[in-house]
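This report introduces a structure to a reader who is meeting it for the first time. Please look over the sequence and the model before reading on.

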Amino acid sequence: MEILLEEKETPIVYYYCIATDDCRYDFSIIYSNMFCGKAMVISIQTGNMVLLCSDDMEDEELWIEKLGIKMLDIVKCKAFLQLVLQQI
């Protein structure tokens, strides 16, 4: 085995719990210098992670299913993610 890269940093981590009329979503959002300007968005419910920035919100196939977003909540979750991802 060969280690190809080892970096150490102190990332900025936010935890969000949001609720819509029908569902609750729990996210961890990690801002790091390692992801080319994107944040690591993790759904605590699904255990899935996706690298996103606010520009990625238009490509809904990239994040909706992985983050477990229900069809009725796409507009609300999209607005939420665009807001928090603009902090990058």
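A residue counts as exposed when its relative accessible area is over 50%, and as buried when that area is under 20%. The model described here is a predicted one.

## An exposed cysteine

Cysteine 36 lies in the loop that runs between strand 2 and strand 3. Its relative accessible area is 77%, and therefore cysteine 36 is classed as exposed. The backbone at cysteine 36 has a phi near 55°, which is a positive value in a residue other than glycine.

## The largest nonpolar core

In soluble globular proteins, nonpolar side chains tend to be buried together. The largest nonpolar core of this model holds 22 residues, of which Ile29, Leu81 and Leu85 touch the most other members. Two or more residues come from each of strand 1 (12-19), strand 2 (24-31), strand 3 (39-43), strand 4 (49-52) and helix 1 (74-85), and helix 1 gives the most, with six residues.

Isoleucine 29 shows how such contacts are spread along the sequence: leaving aside its neighbours within four places, isoleucine 29 is in contact with residues including Ile12, Val13, Tyr14 and Tyr16, with Ala39, Met40 and Val41, and with Leu81, Val84 and Leu85.

## A buried aspartate

Which side chain of opposite charge is nearest to aspartate 73? That side chain is lysine 76, at 5.4 Å, and aspartate 73 is buried yet has no salt bridge. Aspartate 73 is placed in the loop between strand 4 and helix 1, and, apart from neighbours within four places in sequence, aspartate 73 is in contact with Thr20, Cys23 and Tyr25.

Technical notes: Residues numbered from 1 in each chain as written. Predicted model: local features only at pLDDT ≥ 70, side-chain atom pairs only at ≥ 80, totals over all residues. Heavy atoms only, no water. Core = buried A, V, L, I, M, F, W, Y, C linked by side-chain atoms within 4.5 Å. Buried < 20%, exposed > 50% of the residue type's maximum accessible area, 1.4 Å probe, protein only. Helix = DSSP H or I, 4+ residues; strand = E, 2+ residues; numbered from the N terminus. Contact = heavy atoms within 4.5 Å. Lys, Arg positive; Asp, Glu negative; His and termini not counted. Salt bridge = Lys/Arg side-chain N within 4 Å of Asp/Glu carboxyl O.
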